[in-house]
Amino acid sequence: MPFGAQITAQGVCFRLWAPGCEQVGLCISDEQHEPALPMAACGDGWFELIVSHAGAGTRYRFEVNDGLRVPDPASRFNPDDVHGASEVIDPAAFDWQDATWRGRPWEEAVVYELHVGAFSPEDSFEGVMKRLDYLVELGVTAIELMPVADFPGARNWGYDGVLPFAPDSRYGRPEDLKALVQAAHAKGLMVLLDVVYNHFGPEGNYLYVYAKNFFTERHHTPWGAAINFDGPGNREVREFFIHNALYWLQEYRFDGLRLDAVHAIVDDSEQHILTELAERVHASIGSERHVHLVLENDANEVCHLGPGLYAAQWNDDIHHALHVLCTGETDGYYADYADEPIRHLGRCLAEGFAYQGEASAYREHVARGEMSAHLPPQAFVSFLQCHDQVGNRAYGERITHIAPEPAVRAAVAVYLLAPSIPMLFMGEEFAATSPFQFFCDFGDDLREAVTQGRRREFGKFARFADSAAQAAIPDPNRVETFLGSRLDWGSLNDGVRADWLAYYRELLKLRRDVIMPRLRGMSGRAAQFEVLAPGGLRVQWRLGDGSTLRLLANCSNDPLNTTAPAGDRVFATPVEAGAGEGTLALGPWSVVWTLDDREGKA
């Protein structure tokens, strides 16, 4: 890796790309008055120094313009947070015991998204590791960690990271994260990591002092100047993020990455950074193990999906359609799904995206999305909850807090058994009573601005129009907001929570035993859907083994009489025979899944 501190036979080689500096010094003492060691200029903005008496555990900073001492932007660990000294880490020191692990095929993925700090009372990688058996028994096959890159303060969602190579010390040391990955592999679980390549957080980012080429004013994002992927000096910037992806996949043996909000990555280069990154990753890993790259892309683009590129993309459309059906909410972006939510759901299940080039009223009638029916269902990650859709609500309410239980149960039965890749958000499997609120821990300069900015944002909604309602929105900087978002594992002793958990386990066992073995080889254009009534839906898929999977759902409060689906029943909420031969009477919020093997292998 060309960035950061590398242990060599001669000592430690320290390197920094600082095109904005004429000279750079290295400080390997925490004493502020200790003089910095001059680093040699190597051309093209690079500075380098080999220190023979440095080694693993050495703390260091770089001294840049006007004597400012800063951490290494490629620090492997910053034990004293983002403003402190970096620590030299020996990447070969960890004793890996998972040499036989080759990962799992993508069609076997059942993803469980979690926040390391809020998942367990231990607030650590070790706390996650202690609950791996629980996750295996639940029926998930992959855990996805929200970003762990070093962020300012003691708590954060992770999307304000500024040291993208350094696991946050709040959660543990690098070896603790490696131990978690290794333990998950031993239990057959993949581990995916959420990474942020569209911006740096607002506190603790010193790159603008000595490497302004990291940013460009040619493009702008919601966070300000964009990352410079296509302007002067972009080669080093592109390499920084490409090596970050390789670092997590190779040094930590993660099984995949989820790239956050790539619609905010602007790149007019001949080869887009997303394409180059994917090609470099797959060329580096080769066929030795399964590695999966996943995107979040609000633009509903499909150009980055496919073999050799990205395995899948989060499908916000299916979440929004299910949410509108369950809750009846139609404000904000839900307005785009309010006209015919059942049709939007059907299109998501059969074709991928609901918006495939249609105008979005929420986005000022701009066309959104690309045709997606040619892709297999496994190119789309479906979910009913995720950190964004829960935490970006003013009070962080989960869908079980705001929708009737029968509606939520029906939605769960739909998305967990469909051929697309399902993703759970931590705690949803037992209808967690705790919310998941937005939380952070910025310094004094940002603290009040973030709190008031969030309250002004919700002021656009009618229910928060007055200042008193805005003031009641939880302050993201208060520790109580974070603590209130932690899962309450003791609540599993409650009968209601246990019943929800049993329901999820039943559905995921059916997916594992009946659906999952038939998914390999599925192609695009293998499904059709039909809207039967305002809340009625019929979908069928031709699976990879030639069998036919059918869904019949009534996502409404009204009964529905319709033709019974062919095939053997896999799962059904209570239904009754209809008035006519071969018909069913579906009560409100009923779901029936059947499987027809007549065209299959046996």
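The expected span of a helix is taken as 1.5 Å times one less than its number of residues. In this predicted model, helix H8 (residues 316-327) fits that yardstick well: with 12 residues, H8 covers 16 Å from first C-alpha to last, close to the 16 Å expected at 1.5 Å a residue. H8 is also mostly covered, with 11 of its 12 residues buried. The buried set runs through Asp316, Asp317, Ile318, His319, His320, Ala321, Leu322, His323, Val324, Leu325 and Cys326, so it includes a run of histidines and aspartates alongside the aliphatic side chains. Right after H8 comes Gly328, whose phi is positive, near 80 degrees.Helix H16 (residues 495-515) behaves in a comparable way on length: its 21 residues reach 29 Å from first C-alpha to last, close to the 30 Å expected at 1.5 Å a residue. At the N-terminal end, H16 is capped by Asp494, which places a side-chain oxygen 2.9 Å from the backbone nitrogen of Val496. Buried positions in H16 are Arg497, Trp500, Leu501, Tyr503, Tyr504, Leu507, Leu508, Leu510, Arg511 and Ile515. These buried residues pack against helices H3 (132-138), H11 (399-402) and H12, and against strands S23 (421-425), S26 (548-554) and S28 (568-572).

Next, the nonpolar cores. In soluble globular proteins, nonpolar side chains tend to be buried together. Here the largest nonpolar core has 168 residues, and Phe14, Tyr112, Leu145, Tyr210 and Trp541 have the most contacts inside it. Helix H12 (residues 405-417) gives the most to this core, with 10 residues. Apart from it lies another core, of 15 residues, with Ala142, Leu192, Ala312 and Met423 among them. Back in the largest core, Leu145 touches Leu114, Val116, Leu177, Leu180, Val191, Leu192, Leu193, Asp194 and Phe254, once residues up to four places away in sequence are set aside.

His199 is worth a look on the polar side. His199 sits in the loop between strand S14 (190-195) and helix H5 (207-210). With a relative accessible area of 9%, His199 falls under the 20% cut-off and therefore counts as buried. Leaving aside neighbours within four places in sequence, His199 is in contact with Tyr159, Trp223 and Ile227. The His199 side chain reaches the backbone oxygen of Tyr159 at 3.0 Å, and a polar contact of 2.5 Å joins the side chains of His199 and Asn198. His199 and Ala226 are 27 residues apart in sequence, yet their C-alpha atoms are 6.9 Å apart in space.

Thr481 is another buried polar residue, with 6% relative accessibility. Thr481 belongs to helix H15 (residues 479-483). Not counting residues up to four places away in sequence, Thr481 touches Gln437, Phe438, Phe439, Pro474, Asp475 and Pro476.

Finally, the sheet. Strands of a sheet pair through backbone hydrogen bonds, either parallel or antiparallel. An open sheet of three strands shows the order S27-S30-S29, with antiparallel pairing. Strands S27 (560-563) and S29 (576-577) stand at the edges with a single partner strand each, so one side of each is left without a neighbour in the sheet. S29 is joined to strand S30 (residues 583-586) by two bridges, and the two run antiparallel. Ala577 has Leu584, in S30, as its bridge partner.

Conventions: Residues are numbered from 1 along each chain as its sequence is written. This is a predicted model: local features need pLDDT of at least 70, side-chain atom pairs count only at pLDDT 80 or more; totals for chains, interfaces and linings use all residues. Side-chain values use heavy atoms; hydrogens and water are left out. A nonpolar core is a set of buried Ala, Val, Leu, Ile, Met, Phe, Trp, Tyr and Cys residues joined through side-chain atoms within 4.5 Å. Buried means under 20% relative accessible area, exposed over 50%, partly exposed in between (1.4 Å probe, protein chains only). Helices (H or I, at least four residues) and strands (E, at least two) are DSSP runs, numbered from the N terminus. Contact means heavy atoms within 4.5 Å. A polar contact is a pair of N or O atoms within 3.5 Å; within protein, one must be able to donate a hydrogen and the other to accept it, and residues adjacent in sequence count only if both atoms are side-chain atoms. Two strands pair if DSSP finds at least two bridges between them.
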